[in-house]
Amino acid sequence: MRASYIREQRERFGRRAVAVLPVHYPKPLLTAAGLLAVELWGPPGPPRGSDAGRLQPYVCAIVRNALAFMASGGLAAVDGVLFPHTCDSIQGLATLAPDFGGLDKPALRYQHARGERRPSAVAFLVDELRLLADALAALSGRAPDGAAIDAAIELHLRIDDRRRALLRERRRLPHTDRELYALLRRGEYLWPADHLAELEAAAAQLQPAPVQRGTPIMITGYVPEPAALLDVLGAAGALVVADDYAGIGRRLLPRLAAPPSDPFAHLAELAFVTPPCPTRGDSQARRLRHLDALFDQGQAAGVIIHVVKFCEPELFDVPAIHQHFAARGAPVLVIEGELESELSGQAATRLEAFVEMVQQARGTA
Ligand code: SF4
């Protein structure tokens, strides 16, 4: 599916494609350069070949599967790979992929500014964005001017406005969680204007009044894999009303009240106001405030923390989130996965029992 879409984009519009490792990256720069971003979250399921074994077993499945995927020729359809400095494992992969993964395409890197906004961090990020823009222009053969970057930023802001509204108005949307997440995740590879059209079609289906009555749950985690997790929650009578997945809600760009006129400065400033993420070194205090706001706004009644095994950045925050919401009296479930393509029976049972516990706590069982 993705390979055929990439091929179609190339043949019809002359767009080259870049595989992008998780999580955060300045996507408007790729759009402005006419490059199709195709995100590589693993892919899920068993590694596609023995090269995953070149990494230590305590490296997460995202990186192990990505290495195996690259080594098995999975990137034949793209023209380059972007490695954001999300964690040491992805940074290491950027070095290992050409050696062990047989990567013969340009490997681009992008460093984040860590922690809170500071003038030095903004300046660092502006430089980093300019460097990346040059590398992208070399790949696409098209150096975007300021107007093109401004237009791409606006396009992605409109996309995120829509995504945010669909998540916020979840109860008025006649979609299952599985359907909504499938729609949101299509943004991982669709050309942005195509994704926006699909989001607008979904927004047109929002009903005047709530049509969803499921037990309201907040999920914080990395990536909603396996998607069957959402089916199990739905069948147990739950509804995801607040999302803090790194791949979904944590990437929503807000609009600035007074954006800088320079597009690189605008992109840099946006990086400091997106929802807090441990992969960018945001403080736990800011993150907990954000999660509190999400939980309250969605009127959630329980919290699922869904992490990838061996993911250091995510796991670092788990005890604090668990403790914080338990102190608020909210049931909390921590569930760990390894990018399996199917949900284990044990995980399904734990999810069902958790939903029942939340229902009992609310007196709706
Ligand atoms: S799951 Fe965690 S450790 Fe693995 S690539 Fe993502 S951030 Fe890095």
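A residue counts as near the ligand here if its C-beta atom, placed from the backbone, lies within 6 Å of it. The model is a predicted one, and in it 15 residues surround the ligand, with Cys60, Ile62, Cys87, Val308 and Cys311 coming nearest. Sorted by character, the shell around the ligand holds ten nonpolar residues, three polar ones and two charged ones. Three helices chip in with at least two shell residues each: H3 (61-71), H4 (88-100) and H12 (312-327). Of the contributors to this shell, H12 gives the most, namely three residues.

Next comes the sheet that H4 packs on. Four strands make up an open sheet in the order E2-E1-E3-E4, and the pairing is parallel. The edges go to E2 (35-39) and E4 (107-110); each has a single partner strand, so one side of each lacks a neighbour in the sheet. From one strand to the next, the twist averages 30 degrees. Further in, E1 (residues 16-20) and E3 (residues 80-84) are held in parallel register by three bridges, and valine 20 has leucine 82 of E3 as its bridge partner. As for the helices, H4 sits on this sheet in touch with E3 and E4, and its direction makes about 150 degrees with that of E3. Helix H5 (residues 119-140) lies across E1, E2, E3 and E4, and runs at about 160 degrees to E4.

A second pair of strands turns up later in the chain. Strand E5 (residues 215-221) runs parallel to E6, and seven bridges join the two. One of the residues involved is isoleucine 217, whose bridge partner in E6 is valine 240. Strand E6 (residues 238-245) is mostly covered, with seven of its eight residues buried.

That leaves the nonpolar interior. In soluble globular proteins, nonpolar side chains tend to be buried together. Here the largest nonpolar core takes in 102 residues, and Val18, Val38, Leu67 and Ile217 have the most contacts inside it. Helix H3 gives the most to this core, with nine residues. So H3 shows up twice, as it also supplies at least two residues of the shell around the ligand. Isoleucine 217 is likewise a familiar name, being the bridge partner of valine 240. As for valine 18, leaving aside residues up to four places away in sequence, its contacts include Leu30, Leu35, Ala37 and Val38. Also touching valine 18 are Val78, Asp79, Gly80, Val81 and Leu82, along with Leu139.

How values were computed
Residues are numbered from 1 along each chain as its sequence is written. This is a predicted model: local features need pLDDT of at least 70, side-chain atom pairs count only at pLDDT 80 or more; totals for chains, interfaces and linings use all residues. Ala, Val, Leu, Ile, Met, Phe, Trp, Tyr, Cys and Pro count as nonpolar, Asp, Glu, Lys and Arg as charged, and the others, Gly among them, as polar. A nonpolar core is a set of buried Ala, Val, Leu, Ile, Met, Phe, Trp, Tyr and Cys residues joined through C-beta atoms within 7 Å. A residue is buried if 20 or more other C-beta atoms lie within 10 Å of its own, exposed if 12 or fewer, and partly exposed in between; C-beta atoms are placed from the backbone. Two residues are in contact if their C-beta atoms, placed from the backbone, lie within 7 Å. Two strands pair if DSSP finds at least two bridges between them. Axes are lines fitted to C-alpha atoms, for helices over the stretch in contact, and angles run from 0 to 180 degrees between N-to-C directions.
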